[in-house]
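Welcome! Here is a friendly walk through one protein chain, starting from a single small contact and working outward. Please keep the structure in view as you read.

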Amino acid sequence: MEEKIGGRPHRVMMEDRGKISITGIADVVSFDENQVVLDTDKGLLTIKGRDLCVSRLTLDKGEIDIEGRPDSLVYSSGEGFRKSSQPFFARLFK
């Protein structure tokens with residue numbers, strides 16, 4: 001899956017249902033071992049599964065690698081989130 005977002009491609013690649021590489025992300029909304037929520041220009045991307053771990057995160061490039069056992073990847077609009085929230089790490093380190 002590849003779509004252009006503000007000049008950057010949005011791509012989701014999964015290897016052996018154990019590693020997901022995603023490009024074109026704007027922010028990490030939340031993450032824990034069962035769920036990762038990412039903000040993309042195409043909407044919020046929610047990844048649910050087990051033993052999820054963010055192994056690489058480069059927000060400057062809009063890239064993330066997630067390892068574990070994903071069960072679902074779901075997009076939602078996320079319009080309310082974008083209008084009213086601060087970046088995840090800004091909220092975390094207040």
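Let us begin with one pair: the side chains of S21 and D65 are joined by a polar contact of 3.0 Å. A polar contact here is a pair of N or O atoms within 3.5 Å; within protein, one must be able to donate a hydrogen and the other to accept it, and residues adjacent in sequence count only if both atoms are side-chain atoms.

Before going on, a word on where this comes from: the model is predicted, local features need pLDDT of at least 70, side-chain atom pairs count only at pLDDT 80 or more, and totals for chains, interfaces and linings use all residues. Residues are numbered from 1 along each chain as its sequence is written, and side-chain values use heavy atoms, with hydrogens and water left out.

**The chain as a whole**

The chain has seven strands and two helices. Both kinds of element are DSSP runs numbered from the N terminus, with helices (H or I) of at least four residues and strands (E) of at least two. Starting at the N terminus, their order is β-β-β-β-β-β-β-α-α. The chain has 94 residues, and 33% of them count as buried. Buried means under 20% relative accessible area, exposed means over 50%, and partly exposed lies in between (1.4 Å probe, protein chains only).

The accessible surface of the chain is about 5,600 Å², and carbon and sulfur atoms hold 49% of that; the areas come from the Shrake-Rupley method with a 1.4 Å probe, and for residues only the protein chains shown count as cover. Among contacts with a separation of 6 or more, 47% are between residues 24 or more positions apart. Contact means heavy atoms within 4.5 Å.

**Around S21 and I20**

S21 sits in strand β3. Is S21 buried or exposed? It counts as buried, because its relative accessibility is 15%. Leaving out residues up to four places away in sequence, S21 touches R11, V12, M13, I64 and D65. On the same basis, the contacts of I20 include V12, I47, I64, D65 and I66.

**The salt bridges**

How many salt bridges does a search of the whole structure find? There are three, a salt bridge being a side-chain nitrogen of Lys or Arg within 4 Å of a carboxyl oxygen of Asp or Glu. The table gives each pair with its N to O distance.

| Pair | N to O distance |
|---|---|
| D71 and R17 | 3.0 Å |
| R56 and E63 | 2.9 Å |
| R56 and D65 | 2.9 Å |

R56 bonds with D65 in one of these bridges, and shared partners join R56, E63 and D65 into one network. Within that network, D65 is buried, with a relative accessible area of 7%, while R56 is partly exposed at 33%.

D71 and R17 form another salt bridge. This pair links distant parts of the chain, with D71 in strand β7 (residues 63-76) and R17 in the loop between β2 (8-15) and β3 (19-23), 54 residues apart. D71 is partly exposed, with a relative accessible area of 46%, and R17 is partly exposed as well, at 37%.

**The nonpolar core**

The largest nonpolar core has 12 residues, among them V12, I20, V28, I47 and I64. Such a core is a set of buried Ala, Val, Leu, Ile, Met, Phe, Trp, Tyr and Cys residues joined through side-chain atoms within 4.5 Å. Strands β3, β4 (25-31), β5 (35-40), β6 (43-58) and β7 each supply at least two residues of this core. Which strand gives the largest share? That is β6, with three residues.

V28, one of the core residues, lies in strand β4 and is buried, with a relative accessible area of 1%. The C-alpha atoms of V28 and G62 are 9.9 Å apart, although 34 residues separate them along the chain.

**Neighbouring strands**

Strands count as a pair if DSSP finds at least two bridges between them. β4 and β5 run antiparallel and are joined by five bridges, forming a hairpin with three residues between them. In this pairing, S30 stands opposite V37 in β5.

β5 also pairs with β6, again in the antiparallel sense, over six bridges. These two strands form a hairpin with two residues between them, and Q35 has K48 in β6 as its bridge partner. Five of the six residues of β5 are buried, so this strand is largely enclosed by the rest of the structure.
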